[in-house]
Amino acid sequence: KALDRPHCAPALRTLAMPPLHPSRRRTGATAAAAGLSRLCRRLCGGLPRLRRQAQRAVLTFLLCLPSLEIALAMLGRDGCHAIARSWSSGVSAGSCILRRSTKPSVAVRPQVSTAERVESKHEWPFQPIGHGNGVKTSATFGEWSNCYFASNDPYGETLHSIYSLIKADYLELDRFVSVVGSFVALQYLVALRPRSIHFFDMNPYAIRWAKMLCELIAISKTPQQFISRIFARSVDAFEHSLGPGGRLTPTNQERYLSLPISDRIRRTTLALLSGDARATYQEIAVGYQDGVRRYAWYTRSILPCEDRERFKTFARTGLGPQGCLPSDEGASFLYGEGWLTSQWTYDIVKHKLATLPITWTEDIDFPMAHPSDVAGISKDGQRIGPGRTLVFSMDMWASNFAYPWPLEQTLEWRRLAGRLVLVQSITAKKLQLVQELVGGKDDLRWRSLSDWNSSSLLPPNVCQVGRRYCAGCRPLGADGNVLLKHAPKRYRFLREARPQERRLLWELAVAQPSWSWESEGGLGGGCILLP
């Protein structure tokens, strides 16, 4: 009950205190313990029995998700252990769950190992990607019903993978090779700087849809126009009707979708598209605009924003929900997040799609394909320069869709490309999301680039599953802001980021569907990610 008092939360935050020099951490822990005792006396009126109860309650609070991170960031490991040893009587850290009647519940955060807090160079001997999945032949996709028309990857995993590539300084590429799938590749293009882009897919219909999306991006000046053309309803008019600062969000998108279809938007869009894209738009997009639910298809319906309250399944990596399952009723375009966060992120992707050479390859069974089948590299074995290639496969192997990637084909990609990094999604472990093939013939191995803790940089809403917030992201409110503010002290790559990367990190780390860079005043806004 003491924790529910209105004046309790700010008083508890005073226990965190500013960062301490290592030589003063024990002194700081003692001061925090004294502050805890004073707080208990204030809350409980000095009665010994109630004071002991409050001490246990506050310790329980400190061991919960938000305050554990605060304690680690502010007091250091030794200081936190000192507090825990001083007030541990009768309290179980593993049983801590904080519930509020007016807020979604906060799921338990598992104990974070020291290995997750330091830079990891986790390596293991080479094994074909997808080994042991029992797949003898790759699954076949060849109809509209097999297409993913909007994002089908956990956005928390996508953000973590992007941060991992920035951290590994692997943004400058010779070629970006990506499966089309649900076109999550657009999220990566906001950060990657490739010289060429090569899209492939087994399903030719997926490529038709992706090409139409590229044309919609090309004819749309803003992210609002892009979403307006997909749903045939004006996002600008809807946001203007909400008043100053109004934004299309998961909480009001049903109101947006209930608006009447704009014949003008649909007519002008069809007039600007090419013949093939126009046919795809009329065959697929118009049906979704009219409210058709395709229950026998992989994508029953599409939404502008990601409403994570309808998700029920945690991703195995712990980085938010695994959405877009059949029970989740559809997929979204993540309006207000990722490459659709702001005009700036949208312009980055639009410019790259308009200026970089792009190839499209259909009917590709990627595990058995030679690089020349996808990326146009000569089969004569000649390397083109030093070569940096990134292959994005989505959940091709993680969901057991594809035959394991044979050694000879994997080596062909690195031999012709120089350096090879593989990015996946929906993997069994976080360390498998981003891997680089390293070593020679006798010591060939995979090295994880994603085996680290990025929770301070992941917005709280990214890890929402139903009415709960899982433990992969920073906490809500002031506690999360403190973690974000001190992130540069924790991550070296943030301090060394280039100006454009700095702004990108800020936009991705802070952005929520209702947030904008301009409304926060850029880097001068309330919570400063980088100095």
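Begin by selecting cysteine 463 and cysteine 473 in this predicted model; both of these residues are buried. Show their side chains as sticks, and a disulfide appears between cysteine 463 and cysteine 473, with a sulfur-to-sulfur distance of 2.1 Å. This is a covalent bond between the sulfur atoms of two cysteines. Looking along the S-S bond, you will find a right-handed link, with 65 degrees about that bond. Cysteine 463 sits in the loop that runs between strand 13 (445-448) and strand 14 (464-465), while cysteine 473 sits in the loop between strand 15 (468-469) and helix 18 (477-485), so the disulfide ties together parts that are 10 residues apart in sequence. The structure holds 1 disulfide.

Next, select two further cysteines, starting with cysteine 147, which counts as buried because its relative accessibility is 2%, under the 20% limit for that class. Move from there to cysteine 214, where the relative accessibility is 14%; this value is also under 20%, and so cysteine 214 counts as buried.

For the last stop, go to alanine 487, which lies in helix 19, a helix made up of residues 487-490. Is alanine 487 buried or exposed? With a relative accessible area of 0%, alanine 487 is buried. Keep alanine 487 selected and add serine 456, which is 31 residues away along the chain; a distance drawn between the two C-alpha atoms should read 6.5 Å.

Methods
Residues are numbered from 1 along each chain as its sequence is written. This is a predicted model: local features need pLDDT of at least 70, side-chain atom pairs count only at pLDDT 80 or more; totals for chains, interfaces and linings use all residues. Side-chain values use heavy atoms; hydrogens and water are left out. Helices (H or I, at least four residues) and strands (E, at least two) are DSSP runs, numbered from the N terminus. Buried means under 20% relative accessible area, exposed over 50%, partly exposed in between (1.4 Å probe, protein chains only). A disulfide is a pair of cysteine sulfur atoms within 2.5 Å.
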